[in-house]
Amino acid sequence: MEIDESVIERLVRQAVKEVACDNKIDCEPVKKVEKNYGIYKTMEEAVEASAVAQKKLLFSTMAQRQAYVDVIRKTVLKKENMEMISLLSVEETGIGKYEHKIIKNTLAANKTPGTEDLVTEAKTGDHGLTVIEYCPFGVIGAITPTTNPTETIINNSISMIAGGNTVVFSPHPRATKVSHLLVSLLNKALEEAGAPSDLITTVEAPSIENTNILMEHPKVRMIVATGGPSIVKKVMSTGKKAIGAGAGNPPVVVDETADVEKAAKDIIDGCSFDNNVPCIAEKEVFAVDQICDYLIHCMKQNGAYEMKDPEMIAKLDALVSNEKGKPKVSFVGKSAQYILGQLGINVDDSIRVIIMEVNKDHHLVVEEMMMPILPIVRTEDVDQAIEYAYVAEHGNRHTAMMHSRNVEKLSKMAKLLETTIFVKNAPSYAGIGAGGEGHTTFTIAGPTGEGLTSARSFCRKRKCVMADALHIR
């Protein structure tokens, strides 16, 4: 979806001004007015404000916390807000698709658990009553990615506030405008609903330096990073409680028992979703020889462009990869139509994914590219496909998919790869609640083990004991 840059600038200036000025006439934008709605000049100020807010939130009731969660949901789902943050996210970062950002933001608002996730454990016996409850850490520092900037802020804000925490976001610098807009919208709505000011804060100028300040600040009790391997490694070395949602390279296995026509559609739908930037999206396919040709045929019927010439495949790889073999930032989240156009291949927007048959060691198989390029590896049988998938996933234990009716082989793949999300006979996004059961999260913590995060992930268990009393059995 294309739109004139000047129109975007005008709309964003208008929206931010209205939020910042609380509907007063002729007032200045967010950073120039006294009422900043969570956006602070320095990271130290953002953390200090968050610490004050958390002390107030600590003494709120569970009903109040749930009310704040409901305010976040309602604010995000408001039509003009949803359209603005989704459109600006694509325009500012140059990543993904507007229509799919709408779906992802809606998922984050609707299917992120609130206070209901904080289930109390109780033990009684001859020596009385013990309750074990999920309690807040305090101020949480959250680092958000350029690939899912608004989705992560919505998801983390709901989960963290439901748990009694406040959150200081350090957004990716390439997502500054949309992050500021969303933080302002949420804080304004929360304050109008009677919540403490600054439940959600951020810094005026996101940067590596400000992220370092956030991680090192003594009042920040937990660090949550949603991003690449380097930032996850960094937060895990802070000495604080850290949750790291790192990289994946989700493989797909298709065996001879699969509904091949459905598998082809599901794989193309999942791979093309938001131009492949979700870390759960299909990144490579291992197909049993018996059905491989038909699978490719069906993929082409569902919006795939097949690249057969080895020289052209090499040109594609060189085009989208940098000198270190990593994906070029300028191609991450771009459409198949755009990528092909850079190679002089003109297709219409019905083409959603670029496919090609390669060997298991090909660069496009082993490297997570985060763009709608889907290499296909032909295998002798399903056991070989599962083994190849295990190697390609690199032990990230993030996400994997399999299309099969063979329960034994489905179980084998699930056990061997040990991924946080394992989707059977559906597109990858079923794993985050889009067309599948279960809650949504955009912080999938494989490296630190929390997996599908929710409110309880951002809490610590505390034990309260009453000896020799309140046992009535």
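## Briefing: cores, cavities and the largest pocket

Let's begin with a cysteine: the sulfur of Cys 271 lies 14 Å from the closest cysteine sulfur, that of Cys 279, which is too far for a bond. Please keep in mind that this is a predicted model. The notes below cover the cysteines, the nonpolar cores, the enclosed cavities, the largest pocket and a few individual residues.

**Cysteines**

- How many disulfides does the structure hold? The count is 0.
- Cys 271 and Cys 279 do not form a disulfide, because their sulfurs are 14 Å apart and a disulfide needs them within 2.5 Å.
- Cys 271 is also buried, with a relative accessible area of 0%.
- A second cysteine to look at is Cys 464, whose closest cysteine sulfur belongs to Cys 135, at 9.2 Å. That separation is again too far for a bond.

**Nonpolar cores**

- The largest nonpolar core is made up of 119 residues. Within this core, Val 285 and Met 299 have the most contacts.
- Helix α7, spanning residues 176-192, gives the most to this core, contributing 8 residues.
- Apart from the largest core lies another one, of 19 residues. Its members include Tyr 40, Ala 49, Val 168 and Ala 242.
- Which residues does Met 299 contact once its neighbours within four places in sequence are left aside? They are Ala 264, Ile 267, Ile 268, Val 285, Ala 304, Ile 355, Leu 374 and Ile 376. Val 285, on that list, is also one of the two residues named for the most contacts inside the core.

**Enclosed cavities**

- Rolling a probe the size of a water molecule over the atoms reveals where empty space is left.
- Here, there are 2 cavities of 30 Å³ or more.
- The largest cavity has a volume of about 80 Å³. Its lining consists of Lys 104, Asn 148, Phe 273, Pro 278, Cys 279, Ile 280, Ile 432, Thr 441, Phe 442 and Ile 444.
- Sorted by class, that lining has 7 nonpolar, 2 polar and 1 charged residues.
- Cys 279 thus links two topics: this residue lines the largest cavity, and its sulfur is the closest cysteine sulfur to that of Cys 271.
- The second largest cavity holds about 30 Å³ of space. Around it are Asn 249, Lys 283, Leu 364, Glu 367, Glu 368, Met 369, Ile 373 and Pro 375.
- In the lining of the second largest cavity, 4 residues are nonpolar, 1 is polar and 3 are charged.

**The largest pocket**

- The largest pocket offers about 1200 Å³ of space.
- Its lining has 43 residues, and those nearest the pocket centre are Gly 227, Gly 228, Pro 229, Ser 230 and Met 370.
- Which elements give two or more residues to this lining? They are α8 (208-216) and α9 (229-236).
- The largest share, 4 residues, comes from α9.
- By class, the pocket lining divides into 19 nonpolar, 19 polar and 5 charged residues.

**Two helix residues**

- Asn 210 is found in helix α8, one of the elements that help to line the largest pocket.
- Asn 210 is buried, with a relative accessible area of 13%. Not counting residues up to four places away in sequence, Asn 210 touches Met 43, Val 203 and Ala 205.
- Pro 149 belongs to helix α6, residues 149-162. It is buried, with a relative accessible area of 1%.
- Beyond the residues up to four places away in sequence, Pro 149 touches Ser 89, Thr 93, Ala 175, Val 178 and Ser 179.
- For Thr 93, the separation along the chain from Pro 149 is 56 residues, while the C-alpha atoms are separated by 9.1 Å.

**Positive phi angles**

- Most residues other than glycine have a negative phi. Two residues with positive values are worth a look when you check the backbone.
- Asp 274 has a phi near 50°. Its place is in the loop between α10 (260-272) and β10 (284-288).
- His 394 has a positive phi of about 65° although it is not a glycine. This histidine is found in the loop between α15 (382-392) and β14 (399-403).
- Are these two residues buried or partly exposed? Asp 274 is buried, with a relative accessible area of 0%, whereas His 394 is partly exposed, at 44%.

Key: Residues numbered from 1 in each chain as written. Predicted model: local features only at pLDDT ≥ 70, side-chain atom pairs only at ≥ 80, totals over all residues. Heavy atoms only, no water. Core = buried A, V, L, I, M, F, W, Y, C linked by side-chain atoms within 4.5 Å. Buried < 20%, exposed > 50% of the residue type's maximum accessible area, 1.4 Å probe, protein only. Contact = heavy atoms within 4.5 Å. 1 Å grid on protein atoms, 1.4 Å probe; cavity = no way out; pocket = protein on both sides within 12 Å on 5 of 7 lines; lining within 4 Å. Points joined across faces, edges and corners; volume = space filled by probe spheres on them. Nonpolar A, V, L, I, M, F, W, Y, C, P; charged D, E, K, R; others polar.
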